[in-house]
Amino acid sequence: MRILKVLLFLLFIWLQYSLWVGKNGILDYIKVYKKIIVQKKINERLETENNKLLLEIEDLNNKIKD
């Protein structure tokens, strides 16, 4: 019975290690999530700049037509 408890405990430790530190574990998820947040902010800033440029182009086209 004691051996079974030790084996189950070791299995539990191994599963916890895999969950937190292993490939595609929680730590990897947190790193990727932070990168996604940063990239979304960059994308929002670029979208704002693109919209400003589109408005400027549209304004220039309207001036040429007039």
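How much area does the protein chain expose, and what share of it do carbon and sulfur atoms supply? In this predicted model, the exposed area is about 6,700 Å², and carbon and sulfur atoms supply 66% of it. Let us walk through the architecture behind that surface, then look at a few residues one by one.

**Overall form**

The protein chain holds two helices and zero strands. Helix α1 covers residues 2-20 and helix α2 covers residues 26-65, with a loop between them. The C-alpha trace spans about 90 × 10 × 10 Å along its principal axes. The radius of gyration tells a matching story: the protein chain has 27 Å, whereas a compact globule of 66 residues would have a value near 11 Å. Burial is scarce too, as buried residues make up 3% of the 66 residues.

A pair of leucines gives a feel for the distances involved. Leu55 and Leu10 are 45 residues apart in sequence, and their C-alpha atoms are 63 Å apart in space. Leu55 is found in helix α2 and is exposed, with a relative accessible area of 57%.

**The loop and Asn24**

Where does Asn24 sit? Its place is in the loop between α1 and α2. Most residues other than glycine have a negative phi. Asn24 is not a glycine, yet it has a positive phi of about 60 degrees. Asn24 also counts as exposed, because its relative accessibility of 67% is over the 50% cut-off.

**Charges and salt bridges**

The protein chain carries 12 positive and 8 negative charges, and the mean positions of the two groups are 22 Å apart. Side chains of opposite charge can pair when their charged atoms come close. How many salt bridges does a search of the whole structure find? The search finds two, and here they are:

| Salt bridge | Closest N and O atoms |
|---|---|
| Arg45 with Glu49 | 3.1 Å |
| Lys63 with Asp59 | 3.8 Å |

Arg45 and Glu49 both lie in helix α2, four residues apart, which is about one turn of the helix. Lys63 and Asp59 are separated by about one helical turn because they are four residues apart in helix α2.

How open are these four side chains? Arg45 counts as partly exposed at 46% relative accessibility, and its partner Glu49 is partly exposed at 38%. In the other bridge, Lys63 is exposed, with a relative accessible area of 57%, while Asp59 counts as partly exposed at 39%.

**A nonpolar patch**

Which residues make the nonpolar surface patch of about 900 Å²? The members are Tyr17, Leu19, Trp20, Val21, Leu27, Tyr29, Ile30, Tyr33 and Ile37. Both helices take part, with α1 and α2 each supplying at least two residues. Helix α2 gives the most, with five residues. One of the members, Tyr17, lies in helix α1. Is Tyr17 buried or exposed? Tyr17 counts as exposed, because its relative accessibility is 52% and the cut-off is over 50%.

**Pulling it together**

The picture is of a two-helix chain without strands, with a C-alpha trace of about 90 × 10 × 10 Å and buried residues at 3%. A nonpolar patch draws on both helices, and helix α2 holds the Arg45 and Glu49 pair as well as the Lys63 and Asp59 pair.

Note on methods: Residues are numbered from 1 along each chain as its sequence is written. This is a predicted model: local features need pLDDT of at least 70, side-chain atom pairs count only at pLDDT 80 or more; totals for chains, interfaces and linings use all residues. Side-chain values use heavy atoms; hydrogens and water are left out. The radius of gyration is taken over C-alpha atoms; the globule rule is 2.2 Å times the number of residues to the power 0.38. Buried means under 20% relative accessible area, exposed over 50%, partly exposed in between (1.4 Å probe, protein chains only). Accessible areas come from the Shrake-Rupley method with a 1.4 Å probe; for residues, only the protein chains shown count as cover. Lys and Arg count as positive and Asp and Glu as negative; His and the chain ends are not counted. The place of a charge is taken as NZ of Lys, CZ of Arg, CG of Asp or CD of Glu. A salt bridge is a side-chain nitrogen of Lys or Arg within 4 Å of a carboxyl oxygen of Asp or Glu. Patches are made of residues with over 30% relative accessible area and no salt bridge: like charges are joined within 9 Å, nonpolar side chains (Val, Leu, Ile, Met, Phe, Trp, Tyr) within 5 Å.
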